[in-house]
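Visitor: I am new to this structure and should like to understand the terms used for it. Would you explain them to me?

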Amino acid sequence: MKIIILGAGQVGGTLAENLVGEKNEITVIDSDPNRLRSLQDRLDLQVVVGVGSHPDILKKAGAEDADMLIAVTNSDESNMLACQVAYSLFKTPTKIARVRSEQYIIYQEQLYKQQDIPVDHIIAPEQLVTKAIKRLIDYPGALQVVEFAEGKASLVAVKAYYGGLLVGHALSALKEHMPNVETRVAAIYRRGRPIRPLGTTVIEADDEVFFIAATKHIRAVMSELQKLESSYKRIMIAGGGLIGAGLAKRLEHNHNVKLIEFDRERAQYLSAHLDKTIVFCGDASDPELLTEESIEDVDAFIAVTNDDEANIMSAMLAKRMGAQKAMVLIQRSAYVDLVQGGEIDIAFSPQQATISALLTHIRRGDIVNVYSLRRGAAEAIEAIAHGDENTSRVVGREIGDIKLPPGTTIGAVVRDDQVIIAHSDTVIEANDHVILFLVDKKYINDVEKIFQPSAFFFG
């Protein structure tokens, strides 16, 4: 596809990196020539210096025959205006905008129509991150939780610990331990490297295990790999921005939530607009404040300010002072691997959540969900099988007979309300939602082709 990306920041740059490797024709627009030079030095793409919402700049970038415009600058207004110009002057077929302001998101049903503001898909990073953190609160001990088929199936990453029932045993023992629960281990990462999971593979402590199961069985499977943690009840949030406020609103009715906000005016606003959350004005890295608010009784300390260093330091301090779990928001994705797994239990990147959402709209074939896993190294995909035995490479075939790219596994099939854990003799039917795990995302194009029905395909 011919894709124009507006904005060469972390999201635009990471997205370009993802897409260039998949043989797309990419042009990036930014007003900062240094950012563009840095991208062009690393990647095979075109760059245009200028304001991306200006018609002449869009024309220079090839908007006249572009398939898609993705506007991910830091300005909501610039992103929306660029989509408007691309639609009005160049009839660009697909227009995606990153929108962060809560006001624009609340009224999205009324605003984003071709006759009003012609944005086909809006990406709201703060909402995506809030949802991801909420899922981690719902499944204590998980490193990542992603949902498929409207929440019927989930893929979960956990670290296997000493004392877990399955540690030291082969994967085939899962069935003996849980005869009534169907699950499939999609991948294992040992010391950062992927291992192909076979029935004979023995789980070791510290393995990062990705498994898929019906959402209702997730906690039962987690208990096999680690001592099941009790539900989080007491939550402390550092930072009252869009993510902190959104998270407090989602959690406050079922958890005891305390929120620390440095800005007095913002703290007063939050105190008036949140129902049950207790809001404090102060510094989340102040030991006296943490002691006063009984940090040792907190189940999860979640630092979500706009400052990476402040998040890391306050979370490390909270953990040392007795908080059970420490989670941090990190803007610079290079920091994520550095801090996760030590005193900080989970680090999450808004860029990675945004990239996952963007890729969902970019993928060909009927691919309805794409999740970036392990900080972008792997991907999980939900694809819908269309066609029949004559026009499809998957419909009517057993999974064992489908030629999948290297390192790709089918974990489950969702058929209506039924979650079917994949076995080699499972037959794919039309309209099945097929959940795949790719250890190496460079094969994504091959997976897309497999799920694209063709009038000329006859097996």
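Guide: Certainly. The model is a predicted one. Let us begin with an open sheet of 5 strands, in the order β18-β19-β22-β20-β21, whose pairing is antiparallel.

Visitor: What makes β18 and β21 stand at the edges of this sheet?

Guide: Strands β18 (367-373) and β21 (418-421) each have a single partner strand, so one side of each is left without a neighbour in the sheet. On average, neighbouring strands here are turned by 20° against each other, direction ignored.

Visitor: How do you know that strand β19 and strand β22 pair?

Guide: Two strands count as a pair if at least two bridges are found between them. Strand β19 (residues 378-384) and strand β22 (residues 433-438) have 6 bridges, in the antiparallel sense. Therefore, with a cut-off of at least two bridges, they are a pair. Within this pairing, isoleucine 381 stands opposite leucine 436 in β22.

Visitor: Which helix lies across β18 and β19?

Guide: That is helix α15 (residues 350-362), which runs at about 155° to β18.

Visitor: Why is arginine 415 called buried?

Guide: Arginine 415 has a relative accessible area of 17%, and buried means under 20%. The value falls under that cut-off, so the residue is called buried. Arginine 415 belongs to strand β20 (residues 408-415), and the residues it touches include Ile420, Val427 and Ile428.

Visitor: What makes the link between the side chains of arginine 415 and aspartate 432 a polar contact?

Guide: The side chains of these two residues are joined at 2.8 Å, and a polar contact requires a pair of N or O atoms within 3.5 Å. The distance therefore meets that cut-off.

Visitor: What is the strand order in the open sheet of 6 strands?

Guide: The order is β14-β13-β12-β15-β16-β17, with parallel pairing. At its edges stand β14 (278-281) and β17 (346-348); each has a single partner strand, so one side of each lacks a neighbour in the sheet. Neighbouring strands of this sheet are turned by 15° against each other on average, direction ignored.

Visitor: How do you know that strand β12 and strand β15 are paired?

Guide: Strand β12 (residues 234-238) and strand β15 (residues 300-303) run parallel and are joined by 4 bridges. Pairing asks for at least two, so the condition is met. Isoleucine 237, for instance, has isoleucine 302 in β15 as its bridge partner.

Visitor: Which strands does helix α7 touch?

Guide: Helix α7 (residues 125-138) packs on the sheet and touches β12, β15, β16 (325-329) and β17.

How values were computed:
Residues are numbered from 1 along each chain as its sequence is written. This is a predicted model: local features need pLDDT of at least 70, side-chain atom pairs count only at pLDDT 80 or more; totals for chains, interfaces and linings use all residues. Side-chain values use heavy atoms; hydrogens and water are left out. Axes are lines fitted to C-alpha atoms, for helices over the stretch in contact, and angles run from 0 to 180 degrees between N-to-C directions. Contact means heavy atoms within 4.5 Å. Buried means under 20% relative accessible area, exposed over 50%, partly exposed in between (1.4 Å probe, protein chains only). A polar contact is a pair of N or O atoms within 3.5 Å; within protein, one must be able to donate a hydrogen and the other to accept it, and residues adjacent in sequence count only if both atoms are side-chain atoms. Lists of a residue's contacts leave out its neighbours within four places in sequence.
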